[in-house]
Amino acid sequence: MKKVKWFKAQLMSAAALIVVSCSSSEEPIPMENPQEANLVQVSIGFKGEITSITESPLSRASEAKDWYAFQVYEADERGYYKEYAYGFFDNKSDMTINLKEGYKYKFEVSMVVDGSEKVYKFCLAEAGWTGIGNSFFISSEESVRYRYEGYLYPYEQFDRPNVDRFFGITEGYVAAEGSSVSIDMKRVAFGAKFIPKGFTEGILEISVEGAPTIYLDASEGSEAQDIISFKNLLSAYEATGEYYESIPVNIVWAKPDGKRVPIASESVNFKRNKLTTVEFEVKENTTSNSFDLTSDEIMETGETVEIGGDDTPTIVDPQQ
């Protein structure tokens, strides 16, 4: 794949942004552990789709670390879950928590691939923005904010940030000495590839609603690809069948003479754990902007969508 020109916000400058939805705060301080029951230390592990993350068609930053956000719940005597603890991690070896022996727990975790390169901080419901602590904090008053939403900082204006993401839930775990929790993780993101035909000059502005705009310069690339988080993480995780979000895609051609030409504006069904390829003609007068779904294969090859033109869409192998 040729070089693609991207215009993305720098994480260092994002630190200076003022976000009214979540105020800044000092780092949280662990509360005293409860004394009404024997405490046992439990380690945490992962299974499911997260184990094949290295097979992603998108290259990973060599020094980047994955970031994890945990919300832990404890069941009361009636079986209702209430907040028990939270934590933000970039080191799996630190993922141990003290639980009350014999009590029942629920774990929710969201993971951002290469989070250290893409995310600035996480957000708490009461205390505000906070960074990685690599420790669980016992609290029934505090919890992770936006834990079911695509929203991430510094992508505060985007419901679908361009990050690869996994989500998992384990419910009904009974704490016991020497035991461990295994959380089944599912990818809650989709891939999008854009291949223009007849594109020889200017810049394409490709907008997937709720995600950062993709810019493709004809002098630097012939296609663009990214992976994008879903807006509703919980729905994507809980779906028993094939989950998708129908998302408007708008493509504008900025010509060298300054003229802006609308190329297409249509909704695409982007499916969980799949790469959808969008092919389109770049020309002054587009006579058709309909979408033709031609394939339904798992992840890397996904679907091909053609916008306009009479050519037959072809499946594109991202590994080539």
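**View 1. E49 and R272 meet in a salt bridge, with 2.8 Å between N and O.** This close-up, like the others here, comes from a predicted model. E49 sits in the loop between strand 1 (39-48) and strand 2, while R272 sits in the loop between strand 16 and strand 17 (275-281), so this pair ties together parts that are 223 residues apart in sequence. How exposed or buried are the two partners? E49 is partly exposed, at 22% relative accessible area. R272 has a relative accessibility of 17% and counts as buried, because the cut-off for buried is under 20%.

**View 2. K255 and E284 form another salt bridge, their closest N and O atoms 2.3 Å apart.** Here, too, distant parts of the chain get linked. E284 belongs to the loop between strand 17 and strand 18 (291-293), and K255 to the loop between strand 15 (244-254) and strand 16; the two are 29 residues apart. E284 is partly exposed, with a relative accessible area of 32%, whereas K255 counts as buried at 15%. Elsewhere, E83, K106, E108 and R147 are joined into one network by salt bridges that share partners. The count of salt bridges comes to 16.

**View 3. Strand 2 and strand 3 make a hairpin.** Strand 2 covers residues 67-75 and strand 3 covers residues 81-89; they run antiparallel and are joined by eight bridges. One spot to look for is A69, whose bridge partner in strand 3 is F88. Five residues lie between the two strands, and in the turn G79 has a positive phi of about 90°. Look also for the salt bridge between R78 and D76, where the closest N and O atoms are 3.5 Å apart. Which of these two is buried and which is exposed? R78 is exposed, with a relative accessible area of 62%, but D76 is buried, at 19%.

**View 4. Strand 3 also pairs with strand 8.** Strand 8 spans residues 136-138, and three bridges hold the antiparallel pairing with strand 3. To find the match-up, start at A85: its bridge partner in strand 8 is I138. As a general point, strands of a sheet pair through backbone hydrogen bonds.

**View 5. Four strands line up as an open sheet in the order 13-12-15-16.** The pairing is antiparallel. Which strands are at the edges? They are strand 13 (214-217) and strand 16 (260-271), each pairing on one side only. On average, neighbouring strands of this sheet are turned by 20° against each other, direction ignored. Strand 12 (residues 203-208) and strand 13 share four bridges, and I203 has D217 as its bridge partner in strand 13.

**View 6. The largest nonpolar core has 33 residues.** Those touching the most other members are F194, L204, V208, I263, F270 and F280. Strand 16 gives this core its largest share, five residues. There is a second, separate core of 27 residues, and F89, L99, Y105 and M111 are among them. In soluble globular proteins, nonpolar side chains tend to be buried together.

**View 7. Stepping back, the chain has three helices and 19 strands.** Buried residues account for 51% of the 320 residues. About 15200 Å² is exposed, and carbon and sulfur atoms supply 45% of that area. Among contacts between residues at least 6 apart in sequence, 71% join residues at least 24 apart.

Key. Residues numbered from 1 in each chain as written. Predicted model: local features only at pLDDT ≥ 70, side-chain atom pairs only at ≥ 80, totals over all residues. Heavy atoms only, no water. Pairing = 2+ DSSP bridges. Axes fitted to C-alpha atoms, helices over the stretch in contact; angles between N-to-C directions. Buried < 20%, exposed > 50% of the residue type's maximum accessible area, 1.4 Å probe, protein only. Contact = heavy atoms within 4.5 Å. Areas by Shrake-Rupley, 256 points an atom, 1.4 Å probe, with all protein chains shown as cover. Core = buried A, V, L, I, M, F, W, Y, C linked by side-chain atoms within 4.5 Å. Salt bridge = Lys/Arg side-chain N within 4 Å of Asp/Glu carboxyl O.
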